[in-house]
Amino acid sequence: MSSREHYMPGAASGARIQKEGEKWTLVVVRDLSHPPEKVWRAITQPEHLREWAPFDSDRNLGSLGTAKLSTVGAPTQMVAETQIKRADEPRLLEYSWGGQDLRWELEPQGAGTRLTLWHNINRGFIAMGAAGWHICFDVMDRLLAGQPIGRLVGPDAMRFDGWQRLHVEYARQFGVEAPSF
């Protein structure tokens with residue numbers, strides 16, 4: 001049985017950045033052993049998001065329209081009205097969150113799924129974002145496998161040794177400076 005005490009993320013991998021002028025986009029790719037339909041539920045249904053994501057949603061994100069996403073664990077909670085722009089179950093989800101665009105693509109890989117997230121994010125926070133999503137995807141993967149370790153986001157994640165190591169590793173990979181905390 002998996003538990004948080006025994007969890008340590010692997011090396012920084014599966015993430016890259018795309019730059020268009022001043023716009024930076026974090027691209028995170030993860031191969032999961034779960035079918036796209038199961039991964040789709042994890043990225044759209046509020047009860048699943050509460051187990052792994054850095055935000056809570058007031059509704060299912062699997063259909064067009066407005067939703068409210070609330071940050072979890074932040075010193076000051078941010079509630080952002082979100083516009084679901086595309087929801088093509090079980091392969092593509094696009095929405096904005098706090099002025100940033102997120103695009104989720106689910107591609108069948110045998111019995112599993114290649115999950116790709118594009119998240120346009122401020123350059124100064126791109127390595128932090130990569131470390132955070134890395135851990136969130138690990139937590140989601142364990143949840144889908146029936147071995148939940150509990151959500152690890154916000155300040156809880158940042159105090160976690162694995163997050164700090166990932167943050168430095170991603171900053172090196174991306175050629176950005178990792179701020180010290």
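**Exercise 1. In this predicted model, determine how many bridges join strand 5 to strand 6, and describe what lies between the two strands.**

Begin with the pairing itself: strand 5 and strand 6 run antiparallel and are joined by four bridges. One of the residue pairs to look for is Asp-88, whose bridge partner in strand 6 is Leu-92. Next, follow the chain through the turn, where a hairpin of three residues connects strand 5 to strand 6. The loop between these strands holds Pro-90, and the peptide bond that leads from Glu-89 to Pro-90 is cis, with omega near -5 degrees. For context, most peptide bonds are trans.

**Exercise 2. Work out the strand order of the open sheet, and explain why one side of strand 1 and of strand 3 is left without a neighbour.**

The sheet is open and has eight strands, which follow the order 1-2-8-7-6-5-4-3 with antiparallel pairing. Strand 1 and strand 3 (55-57) stand at the edges and have a single partner strand each, so one side of each lacks a neighbour in the sheet. From one strand to the next, the twist averages 25 degrees.

Individual pairs can then be examined within this order. Strand 7 and strand 8 run antiparallel and are joined by eight bridges, and Pro-108 stands opposite Thr-113 of strand 8. Strand 4 (residues 65-71) is joined to strand 5 by six bridges, again in an antiparallel arrangement, and here Ala-67 has Thr-82 of strand 5 as its bridge partner.

**Exercise 3. Establish which strands helix 1 and helix 5 lie across, and at what angles they run.**

Take helix 1 to begin with: this helix lies across strand 2, strand 5 (79-88), strand 6, strand 7 and strand 8, and it runs at about 160 degrees to strand 7. Helix 5 (residues 161-174), in turn, lies across strand 1 and strand 2, running at about 45 degrees to strand 1.

Confidence should be considered alongside this geometry. The protein chain has an average pLDDT of 92, and 97% of the residues score at least 70. Helix 1 (residues 36-44) is where confidence is highest, at 98, whereas helix 4 is where it is lowest, at a mean of 84.

**Exercise 4. Describe the largest pocket by its volume, the residues closest to its centre and the classes of its lining residues.**

The space in the largest pocket amounts to about 760 Å³. There are 26 residues in its lining, and those closest to the centre are Pro-54, Thr-71, Trp-97, Met-128 and Gly-154. Two elements, helix 3 (126-144) and helix 4 (154-158), give two or more residues to this lining, and helix 3 gives the most, with six residues. Sorted by class, the lining consists of 18 nonpolar and eight polar residues, with no charged residues.

**Exercise 5. Describe the second largest pocket in the same terms, and state which strands supply its lining.**

The volume of the second largest pocket is about 180 Å³. Its lining has 13 residues, of which Lys-23, Thr-25, Asp-101, Arg-103 and Trp-118 lie nearest the centre. At least two lining residues come from each of strand 1 (15-20), strand 2 (23-32), strand 6 (92-97), strand 7 (100-109) and strand 8 (112-120). The class count gives three nonpolar, four polar and six charged residues, whereas the lining of the largest pocket has no charged residues.

Note on methods:
Residues numbered from 1 in each chain as written. Predicted model: local features only at pLDDT ≥ 70, side-chain atom pairs only at ≥ 80, totals over all residues. Heavy atoms only, no water. 1 Å grid on protein atoms, 1.4 Å probe; cavity = no way out; pocket = protein on both sides within 12 Å on 5 of 7 lines; lining within 4 Å. Points joined across faces, edges and corners; volume = space filled by probe spheres on them. Nonpolar A, V, L, I, M, F, W, Y, C, P; charged D, E, K, R; others polar. pLDDT = per-residue confidence, 0-100. Pairing = 2+ DSSP bridges. Axes fitted to C-alpha atoms, helices over the stretch in contact; angles between N-to-C directions. Contact = heavy atoms within 4.5 Å.
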